[in-house]
Amino acid sequence: MGELKVDVDPAEAGFDAVRLKRIDDHFARYVDNGRLPGWLAVVSRHGKVVHVGSGGHRDVEAGLPVEPDTLWRIFSMTKPITSVAAMILAEEGLLELDDPISQWLPEFASPRVFVKGSALKPLTEPATAPIRVWHLLTHTAGLTYGFHHGHPVDAIYRAAGFEWGTPPGLDLAACSEQWAKLPLLFQPGAEWNYSIATDVLGRVVEVVSGQSLDEFFASRVFGPLGMTDTGFFTTDTDRLAAMYLPDPSSGGILRNDAFGALGTSRPSCLSGGGGLVSSATDYWRFSEMLLRGGVLDDVRLLSPRTVSLMSSNHLPGHVDLEAYGRPLFAEMPFDGHGFGLGFSVLEDPVKARTISSAGEFAWGGAASTAFWVDPAADITVGFYTQLLPSSTYRLRPQLRQLVYQALVD
């Protein structure tokens, strides 16, 4: 849908252009001292792009610079898209948030919950309530990720082949059947734990819609929004940024071609939790749709009331994420943040120690990408790089500070 470029004087949108340049200066230092391969940041207000900054390389070894049309593995920034897909079906009356997921995925008819023991000898009990659609959307289903390394059930996931990926050859339906055999961390709805819940939600979308997840995304989200560069893989691999890991010995980065192969061919399992490749332009369009209450360029995906519900805190007891610890996101404190239907939700900026706005909703990806939507200030922001894991540096809170210090109206 064209190249992202500044289309309004920052002053007309309430920003100080000199202060916005601090974003570029800050992340240029990350590139100059070898901590990031390259990066791209987009700031938009009132539907207009006020700042696009970039630097470094999409492929350091090949000397290829970051370009406006560079493609990025967005990992968990896939989750909001899958959540929107589920809510499209909910608006059509094809599912309800309180529906047990076993209505479509019979393998989840009788989940069992870990009580005590070890990964080798777990003691479990029957779940006292079914896993419901809203549990998947809010990560309160009791599911987990193998890479957490914080609970015996995490180890059970790893032993079953679910750590950073899925066992070779298994499609989403087969993975769902395998996940259903693994114990839950807690009774559905009792707590919050970041998990493969959105992958299971993607399987629900497939069964309810009668389409594969990539087909549903293409016809119901990407096509209507003009997101021409987003999918589970790309054939335009020259534009796809290489993947990097931190090098503890040098303080720099190491190329990781194992993860770099992700997104270069159609995966057997279409991961609604972390499988998409996208561009800054495409995700800007998706973010703007959310900011506008479900509509962009006269194309409506969701109603404003649905987006409002999605961006409200649904956590049990209305607590914040910090109450459940930070097993994955050590780079960003979650004091003052709740969780909605697919995003974190900022409720208390003072408690969060941020100058962002109450009501901001956001999420990020494992390779240090991030986005947020700020309805109060009418702002969207996106940040793209390829450094795994996202906890390597505190890029997200730094970017927030840099964006809002430049907002002067």
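A residue counts as buried when its relative accessible area is under 20%, and as exposed when that value is over 50%. Keep these cut-offs at hand for the exercises below, which work through a predicted model.

**Exercise 1. Classify I156 as buried or exposed, and find its surroundings.**

Step 1. Locate the residue: I156 sits in helix α4, which runs over residues 152–159.

Step 2. Apply the cut-off. The relative accessibility of I156 is 12%, so this residue counts as buried.

Step 3. Look for its partners. Setting aside neighbours within four places in sequence, I156 is in contact with A119, P122, L182 and P183.

Step 4. Try a distance in the viewer. I156 and R266 are 110 residues apart along the chain, and 27 Å separates their C-alpha atoms.

**Exercise 2. Work out which residues of helix α1 are buried and how they are arranged around its axis.**

Step 1. Start with the length. Helix α1 covers residues 17–32, and its 16 residues reach 23 Å from the first C-alpha to the last. That is close to the 22 Å expected at 1.5 Å a residue.

Step 2. List the buried residues of α1: L20, I23, H26, F27 and Y30. They lie on the same side of α1, because they cover an arc of only 100 degrees around the axis.

Step 3. Recall some helix geometry. An α-helix has 3.6 residues a turn, so residues three or four places apart point the same way.

Step 4. Turn to the other side of α1, where V18 and D32 are exposed.

Step 5. Ask what lies over the buried residues of α1. The cover includes strands β1 (38–45), β2 (48–59) and β16 (379–384), together with helix α12 (395–405).

Step 6. Check the ends. At the N-terminal end, D16 acts as a cap on α1, with a side-chain oxygen 2.8 Å from the backbone nitrogen of V18. Just after α1 comes G34, with a positive phi of about 80 degrees.

**Exercise 3. Decide how far α6 is enclosed by the rest of the structure.**

Step 1. Check the span. Helix α6 (residues 197–209) has 13 residues, which should span 18 Å at 1.5 Å a residue, and its end C-alpha atoms are indeed 18 Å apart.

Step 2. Go through the buried residues of α6, which are A197, T198, D199, V200, L201, G202, V204, V205, E206 and V208.

Step 3. Draw the conclusion: ten of the 13 residues are buried, so α6 is largely enclosed by the rest of the structure.

Step 4. Identify the cover. Helices α2 (78–91), α3, α5 (172–180) and α7 (213–225) are among the elements over the buried residues of α6.

Step 5. Look just past the helix, where G210 takes a positive phi of about 75 degrees.

**Exercise 4. Describe S356 and R353, and say which is buried and which is exposed.**

Step 1. Place them. S356 lies in the loop between α11 (349–352) and β14, and R353 is in the loop between α11 and β14 too.

Step 2. Compare their accessible areas with the cut-offs. S356 has a relative accessible area of 6%, so S356 is buried. R353 is exposed because its relative accessible area is 60%.

Step 3. Examine the contacts of S356. Its side chain joins that of E360 in a polar contact of 2.5 Å. Beyond neighbours within four places in sequence, S356 is in contact with L346, P349, D374 and Y404.

Step 4. Inspect the backbone of R353: phi is positive, about 55 degrees, although R353 is not a glycine.

**Exercise 5. Find the cis peptide bond between L388 and P389, and the positive phi of H149.**

Step 1. The bond joining L388 and P389 is cis, with omega about 5 degrees. P389 is in the loop between β16 and α12.

Step 2. H149, a residue other than glycine, has a positive phi near 55 degrees. H149 is in the loop between α3 (133–138) and α4.

**Exercise 6. Characterise the largest pocket and the second largest cavity.**

Step 1. The largest pocket has a volume of about 910 Å³. Its lining has 46 residues, and those nearest its centre are F75, W164, G165, S271 and G274. Helix α8 (257–260) and strand β14 (361–364) are the elements that give two or more residues to this lining.

Step 2. Searching the whole structure gives two cavities of 30 Å³ or more. The second largest cavity has a volume of about 40 Å³.

Step 3. Residues lining the second largest cavity include V42, A280, Y283 and W284. The elements that give two or more residues to the lining of this cavity are α9 (280–291) and β16.

Key: Residues numbered from 1 in each chain as written. Predicted model: local features only at pLDDT ≥ 70, side-chain atom pairs only at ≥ 80, totals over all residues. Heavy atoms only, no water. Helix = DSSP H or I, 4+ residues; strand = E, 2+ residues; numbered from the N terminus. Expected span 1.5 Å × (residues − 1). Buried < 20%, exposed > 50% of the residue type's maximum accessible area, 1.4 Å probe, protein only. Arc of directions from axis to C-beta. Contact = heavy atoms within 4.5 Å. Polar contact = N/O pair within 3.5 Å; in protein donor to acceptor, adjacent residues only side chain to side chain. 1 Å grid on protein atoms, 1.4 Å probe; cavity = no way out; pocket = protein on both sides within 12 Å on 5 of 7 lines; lining within 4 Å. Points joined across faces, edges and corners; volume = space filled by probe spheres on them.
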